[in-house]
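Biologist: I like to know what stands behind each label in a structural description. Could we go through this one together?

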Amino acid sequence: MNVAIVTVGDELLAGTTTNTNAAWLAEQLTQRGATVERILTIPDDRELIAATVADWSEAFDAVLVTGGLGGTPDDVTIEAVAEGLDRELVVREEIYDSLTEKARRFREENPDLVAEYDLEIDLEAAASLPEGAVPIVVDEAWAPGCTVENVSVFAGIPEEMRAMFREVAGEFAGEARSRTVYTPAPEGSLTAVLEGVTDEFDVAVGSYPRGEDRPGRIRLSGSDPETLEAAASWIDARIETVDPAPSEPTD
């Protein structure tokens, strides 16, 4: 399964919010054997979101969109996804009723806050999803996410996004596997090995140079575990290898 990730938010592009969602989603998908082929960050621009979703839903097996599900005017992701997939926005009555009850409980539990601030909650907007979408409702979030066709839409707040992804994580599986070999050798000395391993084995290879306190990494990717192990052994026989540093990820 090849997957694209779209993170939405002006604050991400401005650097005022660190984009941890993309890295977390990519790691989760890779662990499940899916292949992440694109990661893109775009602003809260309805036309751009819609165009990206329209193009990428055709180009990839799945598209994950995160950000822009709140109740402020710049939260346009759900509307944009509906537009990109040429679907109407419809109010889901079951979600509307659930949000009405959630808003009632909030007012009862926070009377001082409600008295101090003029809280405006657009329940219809929050309960509106693209026609035919499957809602993703979690306790951690106010507004629901959804899956429509091959596009899944999650909240942007990391805790909420992770809860929504876990609801649909089983849908994102694949055959991709990886194996990492660690070496103290400088990257410039590895050219022959990096070229040779792809000639000998059906694997993809990536090289990541060593740092001051960590070894270099050669990451092998493929669909067959036995081929990956054979390729790793082939490399091990031709260069100096070491155990990973304590902080390094292991396969």
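What follows is a conversation about the labels and the values behind them.

Modeller: Happy to. Please keep in mind that this is a predicted model. The protein chain holds ten helices and eleven strands, and its C-alpha trace spans about 70 × 40 × 30 Å along the principal axes. Of its 251 residues, 41% are buried.

Biologist: Let me begin with two helices. Why are α2 and α8 called roughly parallel to each other?

Modeller: Helix α2 (residues 20-31) and helix α8 (residues 158-168) pack at an angle of about 25 degrees. Angles under 35 degrees count as roughly parallel, and therefore α2 and α8 earn that label. Their axes are 10 Å apart, and the crossing is right-handed.

Biologist: Which residues meet where α2 packs on α8?

Modeller: From α2 come Thr20, Asn21, Trp24, Leu25, Gln28 and Leu29, and from α8 come Pro158, Met161, Arg162, Phe165 and Arg166. By class, this contact has six nonpolar, three polar and two charged residues.

Biologist: On to the sheets. What makes β2 and β6 the edges of their sheet?

Modeller: Six strands form that open sheet, in the order β2-β1-β3-β8-β7-β6, with mixed pairing. β2 (35-42) and β6 (134-136) each have a single partner strand, so one side of each is left without a neighbour in the sheet. From one strand to the next, the twist averages 15 degrees.

Biologist: How do you know that β1 and β3 pair?

Modeller: Two strands pair if there are at least two bridges between them. Strand β1 (residues 2-8) and strand β3 (residues 62-66) have five bridges, in the parallel sense; that meets the cut-off. Val3 stands opposite Ala62 in β3, and Val6 has Val65 as its bridge partner in that strand.

Biologist: And what makes β3 and β8 a pair?

Modeller: Here there are four bridges, again in the parallel sense, and the requirement is at least two. Val65 has its bridge partner Val153 in β8.

Biologist: Why is β3 described as largely enclosed by the rest of the structure?

Modeller: Five of the five residues of β3 are buried, so the description follows. Ala62, Leu64 and Thr66 point one way from β3, while Val63 and Val65 point the other way, and all are buried. In a regular strand the side chains alternate between the two faces of the sheet.

Biologist: Which helices lie on this sheet?

Modeller: α2 lies across β1, β2, β3 and β8 (151-154), running at about 165 degrees to β1. Helix α4 (residues 77-84) packs on the sheet too, touching β1, β3, β7 (145-148) and β8. The direction of α4 makes about 170 degrees with that of β8. With over 145 degrees as the cut-off for roughly antiparallel, α2 against β1 and α4 against β8 both qualify.

Biologist: What makes β9 and β10 the edge strands of the three-stranded sheet?

Modeller: That open sheet runs in the order β9-β11-β10, with antiparallel pairing. β9 (177-183) and β10 (204-208) each pair on one side only. Neighbouring strands of this sheet are turned by 20 degrees against each other on average, direction ignored.

Biologist: How do you know that β10 pairs with β11?

Modeller: β10 and strand β11 (residues 216-222) share five bridges in the antiparallel sense, and at least two are needed. Gly206 has Arg219 as its bridge partner in β11. Helix α9 (residues 191-200) lies across β10 and β11, at about 165 degrees to β10.

Biologist: Why is Gly206 called buried?

Modeller: Gly206, found in strand β10, has a relative accessible area of 15%. Buried means under 20%, so Gly206 belongs in that class. Leaving aside its neighbours within four places in sequence, Gly206 is in contact with Arg217, Ile218 and Arg219.

Biologist: How far apart are Gly206 and Pro43?

Modeller: They are 163 residues apart in sequence and 30 Å apart in space, C-alpha to C-alpha. Contact means heavy atoms within 4.5 Å, and Pro43 is not named among the contacts of Gly206, which are Arg217, Ile218 and Arg219 once neighbours within four places are left aside.

Biologist: One last point: how much of the contact in the chain comes from residues 24 or more positions apart?

Modeller: They account for 69% of the contacts with a separation of 6 or more.

Methods
Residues numbered from 1 in each chain as written. Predicted model: local features only at pLDDT ≥ 70, side-chain atom pairs only at ≥ 80, totals over all residues. Heavy atoms only, no water. Axes fitted to C-alpha atoms, helices over the stretch in contact; angles between N-to-C directions. Parallel < 35°, antiparallel > 145°, perpendicular 65-115°, else oblique. Left-handed = near helix turned anticlockwise from the far one by under 90°. Nonpolar A, V, L, I, M, F, W, Y, C, P; charged D, E, K, R; others polar. Buried < 20%, exposed > 50% of the residue type's maximum accessible area, 1.4 Å probe, protein only.
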